[in-house]
Structure formats: structure tokens, C-alpha cells
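Here's a quick tour of one protein model, from its overall build down to a few side chains. Have the structure open while you read.

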Amino acid sequence: MASGIFVILDDIATLFDDVATQSKVATRQTVGVLGDDLAVGAQRASGFHASRELPVLWAITKGAFLNKLIILPIAFLLSAFLPQLIVPILLLGGIYLSYEGAEKIYETLFHRHHSAPAAQKIEDKTTLLTLEKRKIRSAILTDFILSIEIIIIALSSVADQSLPIQIGAVTFVALLATVGVYGLVALMVRMDDAGFALVNNAQGKNGLKASLFRNVGRMLIAALPKLIRILGVVGTLAMLLVGGGIFVHNLESVHHAIQWMPILLGELLLGLLIGATVLLAVAIIKKLLPSSAHPKSPEA
């Protein structure tokens, strides 16, 4: 009886060891998309009033957890029974991400002065909550698309392993894409609070330590707006790169069509082209819908 228990424990230890090894492999394969997820997540979680940053980020994180709970079992089932559907799903996600990136560029170029006010400047609670809910939904949807890409890449990297190892390794990557990414985002958006705390702690004090606290605090306060702007640009580029990359890595004809240029440039240009095309189609549909939905009344 005792020997049987030791055999079971040895099997469990071996399984955990295999899962740990394959988790490293899957993480290395997805590190690029995880970096994109971080940039996009930080971009989506910024722009709120300081008192609402953490509640909004927590709402996005809960949505991200729910995304993983939905995607993981579906990914395992698709991989086992309908693997032919994985690529079309990825392509749809690529179209959405490309559209999001192109829309962000369009808004920056042509509607910079006419865009809605930042959440920090809104005083009406109802308007603020409506804006928050809209941004939270958008952030969770974007996370859903990126999560599909991360999980499918992780799953393909361990496809030759047994099902328990696949589940363990891919689940680890999914948790890393949520806890790790949004944990770092939380640290980023609270940089200014840490800076103010350091400056206040050094208030009225002299000496090298107090001077160091003041300088570091002021640096953190000044760095946050710049970091948010940089992450906004990086997040937009990340959506275009991931969107274009999905087509490059899953359609052989597309891969051959751009192989004469650097891969990152090709993915970026392809993502921009796809996004601009969808953006134009959406604009045309929006322009046509009001006239058809609300036809003018015939004159008497």
C-alpha cells in the first residue's frame, strides 16, 4: 500500500516537472504577444481619474480572468476535435486588432481636437461611469482577442505533449497573461502616487536620503504621463503587428507575398492595410445606416 502511494506521488512529481518544463517552452513562444498585451493593457487602463484607476483596472482584470475561463476549455476542445476552425478564428481576431489599431491612428490624426474629454476632466458621475463602462468593455474585448492568440500559440508549442501537460502548461501561460500583465499595469498607473508619497515623506527633511526620495519621487511623477503616451503608441503598433502577424503566420500566400521585406515591417504594413480597409467599410456602413434606418418623411 505504501509503495503504491509513493508511485503515485512520483508520477505527480514527474507530471509537475514536465508541466514546468513545457510552461517555459510555451512562455518563450508567447513572450512577444505577452509584451503586446502589456502595452495594450496599459493603454486601455490609463486615462481615468486617479481614484478610479485601480477599480477600473480590477474590473478589466476580472474580465480578463473570465476570458481565460471561456477560451481555455474551448481551445482544448477545438484542438482535439475541430482543429480546422482555429485558423479562421485567429484571422477574425487579427481583423479586429488591425481595425482597433487603424481606428486609433485615425482618431489621433483627424479627431485629436474633437475627441471626447479625458475621464480625469469629467465631473458628472453618470457621464464618468458611462465612459468607464465603455472603456472597460473595449479593454476586455481586446484582451479576449489577444488571449485567443496567446493561448493558441502556447497550445501549438506543446501540441506533441500529453493532454494533462498541455492543460498545465497552457493554463500557466494564461495566468501569466492575466496576473503578470495586469499586475505590471497596476504598478505603472500608480507610479505618480508612489512619487507623491516619496516627496511627502521627504518634506521638511534634509540629508542625502531625503534628497534622494524627493528626486526619485519627482522623476516618477514626471515620468508617468510620458510613459502613458509611449505605451499608447506602442499599444497601437502592437495591435497592428499582432493583427498583421496573425495573417502572416497562418496564411502561406500572405507570408510569401511579404517575404521580400523585414518581417516586422511586413506585419505592421499588413495590419495597417487590413485595419484601414475595415475602418473604411465600417465608415461607409455607418454613413448608409442612418439614411436607411430613418428615411425622410415625404413632403406633404
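What follows covers the fold, the cores, a charged pair and a surface patch.

First, the ground rules: this is a predicted model, where local features need pLDDT of at least 70, side-chain atom pairs count only at pLDDT 80 or more, and totals for chains, interfaces and linings use all residues. Residues are numbered from 1 along each chain as its sequence is written, and side-chain values use heavy atoms, leaving out hydrogens and water.

The protein has nine helices and zero strands (DSSP runs, H or I of at least four residues for helices and E of at least two for strands, numbered from the N terminus). Of its 300 residues, 38% are buried (under 20% relative accessible area; exposed is over 50%, partly exposed in between, with a 1.4 Å probe and protein chains only). Among contacts (heavy atoms within 4.5 Å) with a separation of 6 or more, 81% join residues 24 or more positions apart.

Now for the inside. The largest nonpolar core (buried Ala, Val, Leu, Ile, Met, Phe, Trp, Tyr and Cys residues joined through side-chain atoms within 4.5 Å) has 38 residues, and Leu97, Ile151 and Val170 have the most contacts inside it. Several helices each supply at least two residues of this core, including these:

| Helix | Residues |
|---|---|
| α1 | 2–45 |
| α2 | 53–81 |
| α4 | 125–157 |
| α5 | 163–189 |
| α7 | 208–250 |
| α9 | 263–293 |

Helix α4 gives the most, with eight residues. There's also a second, separate core of 14 residues, with Ala42, Val181, Val189 and Leu231 among them.

Beyond its neighbours within four places in sequence, Ile151 touches Lys68, Ile71, Leu72, Ala75, Val170 and Ala174. Lys68 also forms a salt bridge with Asp143, with the closest N and O atoms 3.3 Å apart (the cut-off is a Lys or Arg side-chain nitrogen within 4 Å of an Asp or Glu carboxyl oxygen). The pair ties helix α2 to helix α4 across 75 residues, and both partners are buried. A search of the whole structure turns up one salt bridge.

Helix α3 covers residues 86–110. Its end C-alpha atoms are 36 Å apart, in agreement with the 36 Å expected for 25 residues at 1.5 Å each (1.5 Å times one less than the residue count). Buried residues of α3 include Leu90, Leu97 and Ala102, whereas Ile89 is partly exposed at 33%.
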